[in-house]
2 protein chains.
Amino acid sequence: NNVLPYQWLALNDLLPDAEPSHAIMIFKIAAGEAGGQFGGYCFQDSDVFKWLEAVGYLLAQEADPDLAEKADQVIELIARAQQPDGYLNTYFTVAEPGRHFTNLRDCHELYCAGHLFEAAVAYYEATGKTKLLEVACHYADHIDRTFGPDPGKKKGYDGHPEIELALVKLYRATGEERYLRLSKYFIDERGRQPHYFDLEAEERGDTRPYWNIFGHSYSQSHLPVREQKTAEGHAVRAMYLYSAVADVAALTGDESLAEACKVLWENVTNRRMYITGAVGSSAYGESFTIDYDLPNDRAYAETCATIGLVFWAHRMLHLEMDAKYADVMERALYNGVLSGISLDGERFFYVNPLAVWPEACARRHDLQHVKVTRQKWFACACCPPNLARLIASLGKYIYSYSEEEKTVYAHLFTGSTARFDLTGEEITITQKSAYPWEGEVEFEVNPAKETEFTLAVRIPGWCRGAELVVNGSPVSFAPFLRRGYVYLKREWHPGDRVLLRLPMPVERVYAHPRVRANAGRVALQRGPLVYCLEEIDNGPNLPGILLPVEAEVEARYLPDFLGGVVVLETEGLRLEEEAWEGGLYSPVKPKTRRVKIRAIPYFVWNNRGPGEMLVWIREA
Amino acid sequence: NNVLPYQWLALNDLLPDAEPSHAIMIFKIAAGEAGGQFGGYCFQDSDVFKWLEAVGYLLAQEADPDLAEKADQVIELIARAQQPDGYLNTYFTVAEPGRHFTNLRDCHELYCAGHLFEAAVAYYEATGKTKLLEVACHYADHIDRTFGPDPGKKKGYDGHPEIELALVKLYRATGEERYLRLSKYFIDERGRQPHYFDLEAEERGDTRPYWNIFGHSYSQSHLPVREQKTAEGHAVRAMYLYSAVADVAALTGDESLAEACKVLWENVTNRRMYITGAVGSSAYGESFTIDYDLPNDRAYAETCATIGLVFWAHRMLHLEMDAKYADVMERALYNGVLSGISLDGERFFYVNPLAVWPEACARRHDLQHVKVTRQKWFACACCPPNLARLIASLGKYIYSYSEEEKTVYAHLFTGSTARFDLTGEEITITQKSAYPWEGEVEFEVNPAKETEFTLAVRIPGWCRGAELVVNGSPVSFAPFLRRGYVYLKREWHPGDRVLLRLPMPVERVYAHPRVRANAGRVALQRGPLVYCLEEIDNGPNLPGILLPVEAEVEARYLPDFLGGVVVLETEGLRLEEEAWEGGLYSPVKPKTRRVKIRAIPYFVWNNRGPGEMLVWIREA
């Protein structure tokens, strides 16, 4: 109800006191329908495309004539901004005509094209309307004529991966194999020597040193993709690239690409990921750093990067059905992604640290990237429409299915109705659950008539002691459990019920001993949700709080609190400031006093005004 | 033996593989004796002056014909670079002639003048030679003609305080009251509205915004000095300013300036100082931030700022004889100052963090200011000659004396012989001690003949249970103890002995509960020395080490280790990496194993190659 209309206002520069977007205006200028200069970043088009993509996902679920009309009008505008040869990028059309594809390293042209393709596919699949898809294919064909291994074509690829995964979507929607080949070409070419970005810079006569200290690893082009073993550089770029690699590996059966994905996955999720599923621990270059370097206060943890991890995890499932991917997908979704948006849908975090001291953020330059309240909009507004399109497409992440294996995989647990056609008969599966607040999930399976297929239900990695009941009978599912999924193969009858019981005790979670920032600290988790302390509940100086090992933490659902959440409550200790004797340093150990502690789900933090926040609590 | 000859090579650009200084060369250019362009920073002259000042202090202690000859030659060169009107600054003479005193905010002209004055006084007092003092007075007179309250004079002051304290020295050396008045004028004028730096910028036609986010607080000119309650901005500037304020307050009896000093002292030492005596917790602006914001890994803690704190503490003693000032002076000297220089005297830290993880420093932009080994030299080489002049003048900090009160104050404990003339009779006091390794200090008092005066001996704030023995008889000194000094007023006879016994158990020191970075952590201190863990002794991942509350820490003197130091040894725990099960996060608490722990004095860290270092250890 709120998010897309709000973002429409933003894209049209109609939000008071927010950073202007320019995004719709520059399409008008590019179409020759308005005067003025280019405004915003060179990749501003992508915000419009991501919004359109989100509208597509929404319209796939329910009619919204008002949004649809706005979208159709924008699509017409986009079409009018397209050049006769198919080229479509407002920045180059308005600000640098004649310089198309001369700076792939920095200018995001193919990145923007990718977002166009994603929007086109989503809108077409939702509405059946072909206009935007035609625009997309026209541009894709132009790009395909321009790039590739054939003599005379450019051998380049974009500094910001995105088109690779988008071409796969376009291939899937149109069946046009050229698009898949082009995607694979971009992946194969990336990082080869002599380096395209160097050649291209030379051709431009650009002799300035590259702005960032990472060099080509910033754009994951420091090595051919198959030789990359660690996640490097800009985290969003990395996630988008790896997503495409997983796609292409799955579609082409390229084992070396699949292997690269798996190696990178282990590196990211076992060494470079926050407990919230967020990635990118350095503001400089919005980037990965080194293994186990996960500072909480200085985290970058960009919302878009966490969204990118969801994309990647989802694609890894299709490369290799293993619940470890869905575990990370769920972790990112419920924590590091959702934290990017306020409960009212109108405020956004770009950066999602795991510890915040607002006074320090206001004065420390090394914390200047941390905003202490969600913002209305951003000059670089990648995150808000990225959130919109992910949340609007959540349905795509709940299940996967394989016609070949006659299997439906249930990855996520959320109230929903889904329809499949696996066997020639339509199968409807309805989930009922109060997840993530409660761990009981009911699947009602309704094939049009009885039919044999497999329902593979994920047992979350966070859960111990899951129970499965089919039509009232407990199932000892160990024999049917493979890589985190219980494979229930049977003849399903209309009205069959599968009840999944996931015990949800409060868990204390510890970080690997090499995560220096978290030594001696514990995070509270319940189900898929990571919890945090907020100043408004616990007073200031949260690092002074200590959670005793033996403290019982109780979970309580509060229906009227923060939209209805389960809070965690216990008794802990905190350093007594009042009892402190002496100055800044003293040989007398600070006293502690007993205090009540309340933790709230991380994703709802900062919905009650600015204040301190802390995920990793000291444990006594 | 080493430091000043080494620095001479540096100033002459004769160090291989080190950043060039240009400092001597630019004097030659300014004197018209060499061609070429200005090199280095606009304040490069100050490095030469600080070196000369250090040479002065050294020559006051012992003859060194080689150094003296070099110094005399440089002094001649400096004199030849002076303009006929007294003006002396190579940057403006070479690079911006005709722009003298047009950008006091940024260009350090009066700062460099201050360092000239300090050098001149030191060299004159050591050698009796007047050449440099004449140069200094000629320039000081020029400055006095240029600045001041009289109509037609400039109403400015320097962006980097320094001349204020130097003018006090010049006043003391020459008796010229104009210099004291000018110093007070600069202090009084600072921070008044309309703001001189704004007027000056307007006059230059400079409309660019000031480069740093702090505005005028960067240079402590955001408010009149008497209205400043918290230490703000660039830490070295702050220390130099406050030092001058203390001087002028003591000399003029200005109560409002004295009060400002005391308020700022409480703010710095009770809220914004590292346990090593280092100040300045942010690299950006090399600056103070907010109360209790003392991150260990990102500390700036510039060597020069800690040296500045020694200057200030010393001057506070003369404003108000209270051992709390000497305590801080000693803390800074033995820890945050000495850490700036290697044991061989040829390598330097500019930045002195309290926790170092070299791999992260190599990759994290927010740690790029942290060098993981001491450097040969710096493009901005303020720290090395500042260390040289402080260490060479250490004698000045051991005692103070008051002829009026017929009192000698012993602040520091170190093997030394000092001569005083309080009573018309020369008094020699010899200290013998293995301090800081042992707490026993013997004072042998030798007046030329018996004479009554007071020897006031400091009881360090870190010490509990001090004992005092005079000529073999224990003294119950409580009645004679005032603000940390025991006042021994008696008729002293040649050969009288005062034995001070300072028990030196290993102390566990805790930070104020609001120092978030140190919650749950402990530092080890013995006597005045703060200790740290180094990777070479304790293995990597120092944050994984845990010091149990009950662990006995033993002190052991190792004569052949790091030049002879007391190390601290105990048994502690550390997180077991090998026993960790699972990936990055796990509900299973990491196991610990017993390990031997060795701590070394902080100031000798990094003398055995790069590696991790940690001051604040987790306590179990």
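**Exercises on a predicted model**

The axes of helix H3 (residues 45–61) of chain B and helix H4 (residues 65–81) of chain B cross at roughly 140° and come within 10 Å. This model is predicted.

**Exercise 1.** Classify the angle between H3(B) and H4(B), and give the handedness of their crossing.

*Solution.* Step 1: the axes of the two helices in chain B cross at roughly 140°. Step 2: an angle has to be over 145 degrees to count as roughly antiparallel. Step 3: H3(B) is therefore oblique to H4(B). Step 4: the crossing of H3(B) and H4(B) is left-handed.

**Exercise 2.** List the residues through which H3(B) and H4(B) meet, then sort them by character.

*Solution.* Step 1: H3(B) contributes B:Val48, B:Phe49, B:Trp51, B:Leu52, B:Val55, B:Leu58 and B:Leu59. Step 2: H4(B) contributes B:Leu67, B:Ala68, B:Lys70, B:Ala71, B:Val74, B:Ile75 and B:Ile78. Step 3: the residues of this contact divide into 13 nonpolar, no polar and 1 charged.

**Exercise 3.** Compare the radius of gyration of chain A with that of a compact globule of 620 residues.

*Solution.* Step 1: for 620 residues, a compact globule would have a radius of gyration near 25 Å. Step 2: chain A has 25 Å, so the value agrees. Step 3: the C-alpha trace of chain A spans about 75 × 70 × 50 Å along its principal axes.

**Exercise 4.** Describe the secondary structure, burial and contacts of chain A.

*Solution.* Step 1: chain A has 19 helices and 22 strands. Step 2: 64% of the 620 residues in chain A are buried. Step 3: take the contacts in chain A between residues at least 6 apart in sequence; 70% of these join residues at least 24 apart.

Methods:
Residues numbered from 1 in each chain as written. Chains lettered and ligands numbered in written order. Predicted model: local features only at pLDDT ≥ 70, side-chain atom pairs only at ≥ 80, totals over all residues. Heavy atoms only, no water. Axes fitted to C-alpha atoms, helices over the stretch in contact; angles between N-to-C directions. Helix = DSSP H or I, 4+ residues; strand = E, 2+ residues; numbered from the N terminus. Parallel < 35°, antiparallel > 145°, perpendicular 65-115°, else oblique. Left-handed = near helix turned anticlockwise from the far one by under 90°. Contact = heavy atoms within 4.5 Å. Nonpolar A, V, L, I, M, F, W, Y, C, P; charged D, E, K, R; others polar. Rg over C-alpha atoms; globule rule 2.2 N^0.38 Å. Buried < 20%, exposed > 50% of the residue type's maximum accessible area, 1.4 Å probe, protein only.
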